[in-house]
Protein chains: 2
Amino acid sequence: MHTEERPFDVMEPDCPSRVVLQRIGDKWTPLVFQVLKDGPRRFSAIRTSIQGVTPKVLTQTLRTLERDGLVARTVYAQVPPRVEYRLTPLGETLLGPLDAVRIWSEEHAGKILQARQDYDGQPEGQVG
Amino acid sequence: MHTEERPFDVMEPDCPSRVVLQRIGDKWTPLVFQVLKDGPRRFSAIRTSIQGVTPKVLTQTLRTLERDGLVARTVYAQVPPRVEYRLTPLGETLLGPLDAVRIWSEEHAGKILQARQDYDGQPEGQVG
DNA sequence: GCTCATGGTATCTATTGGAAACCCAGTACC
DNA sequence: GGTACTGGGTTTCCAATAGATACCATGAGC
């Protein structure tokens with residue numbers, strides 16, 4: 001992709017890109033992407049992989065991602081029901097950026113935990 | 001940095017890296033980083049740059065970033081008060097990943113808006 | 001006609017986010 | 001010497017969101 005025109009700017013409060021940024025930066029989205037990265041998964045499989053997410057919230061997350069064209073939902077008419085979720089081509093383009101943030105988190109979690117411990121009882125930086 | 005051992009895994013529900021991931025993926029953090037990227041800024045300057053954030057929430061966001069060692073807060077003892085926020089070295093290492101997500105948002109906001117419009121009245125993908 | 005599995009909803013409560021008003025210290029002005 | 005202004009917040013109150021828990025519909029198999 002050559003240098004594309006980007007008319008959107010997250011610093012503009014009414015810019016749609018800000019809405020998009022806050023949506024993809026929500027609590028469960030990066031984890032859903034992490035699960036779907038390796039191929040289609042069923043609802044219960046996603047739920048099991050991401051421990052701690054309740055079905056209500058997972059449904060909400062997946063519905064939003066579907067509406068935004070990042071995830072596709074396929075219902076197979078069989079019993080018991082079978083519903084598969086997979087990344088769309090658009091969703092796959094988001095894997096790189098989300099992975100960068102995930103890897104950063106895993107690499108620096110230790111330093112942040114350390115900073116939190118150091119923070120207690122620390123005097124404020126004061127100058128002047 | 002060579003290939004460092006990464007003992008943290010965001011898919012583990014109790015792993016600190018998940019907490020970190022969800023913290024840096026919160027609503028205002030990427031925008032704060034975007035403002036501080038170019039150097040130290042005062043509270044009111046940050047608030048003006050990021051339109052739409054209330055002082056209470058901006059304070060909460062900055063305090064958390066400070067506690068996590070990503071942002072440094074300096075109080076100058078003068079009147080009217082003067083408080084500067086700047087990225088720490090650790091915070092600067094997060095600029096790259098956050099920029100990747102921001103740029104993705106700005107590049108693909110149009111496609112997501114389109115998907116939202118197409119979503120209305122769309123029949124479900126159903127296979128049998 | 002009881003049970004199981006799947007993919008969810010419904011209901012209620014706890015936590016978080018946001019809007020609006022207020023506060024404090026010192027300094028400049030009148 | 002009273003008043004207003006300034007910066008960096010805090011307080012209070014209310015709305016929106018997240019989470020826990022229970023429940024539901026369908027049809028197959030027993």
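**Exercise 1.** How far is a phosphate oxygen of DNA strand D from an N or O atom in the side chain of Tyr85(B)?

*Solution.* The model is predicted. In it, the separation between a phosphate oxygen of DNA strand D and a side-chain N or O atom of Tyr85(B) is 2.7 Å. A polar contact requires two N or O atoms within 3.5 Å. For Lys27(A), a polar side-chain atom likewise lies 2.7 Å from a phosphate oxygen of DNA strand D. For Arg63(B), the corresponding distance from a side-chain N or O atom to a phosphate oxygen is 3.5 Å.

**Exercise 2.** Describe the protein surface near DNA strand D.

*Solution.* Step one is the count: 20 residues surround the strand, and the closest are Lys27(A), Lys56(A), Arg73(B), Pro81(B) and Tyr85(B). Of the atoms of DNA strand D that come within 4 Å of the protein, 70% belong to sugar and phosphate.

Step two is the composition: the surface residues comprise nine nonpolar, four polar and seven charged.

Step three assigns secondary structure. At least two residues each come from helix H4 (55–67) of chain A and, in chain B, from helix H3 (43–49), helix H4 (55–67) and strand S3 (82–87). The most is given by H4(B), with four residues.

**Exercise 3.** Identify the aromatic pairs, and then examine the surroundings of Tyr76(A) and Tyr76(B).

*Solution.* A search over all chains yields zero aromatic pairs. The ring of Tyr76(A) has the charged end of Arg82(A) over it, 4.8 Å from the ring centre. In chain B, Arg82(B) lies over the face of Tyr76(B), at 4.8 Å from the centre of the ring.

Definitions and conventions: Residues numbered from 1 in each chain as written. Chains lettered and ligands numbered in written order. Predicted model: local features only at pLDDT ≥ 70, side-chain atom pairs only at ≥ 80, totals over all residues. Heavy atoms only, no water. Phe/Tyr/Trp six-rings, centres within 6.5 Å; stacked < 30°, edge-to-face > 60°. Lys NZ or Arg CZ within 6 Å of the ring centre and 35° of its normal. Near = heavy atom within 4 Å. Polar contact = N/O pair within 3.5 Å; in protein donor to acceptor, adjacent residues only side chain to side chain. Nonpolar A, V, L, I, M, F, W, Y, C, P; charged D, E, K, R; others polar.
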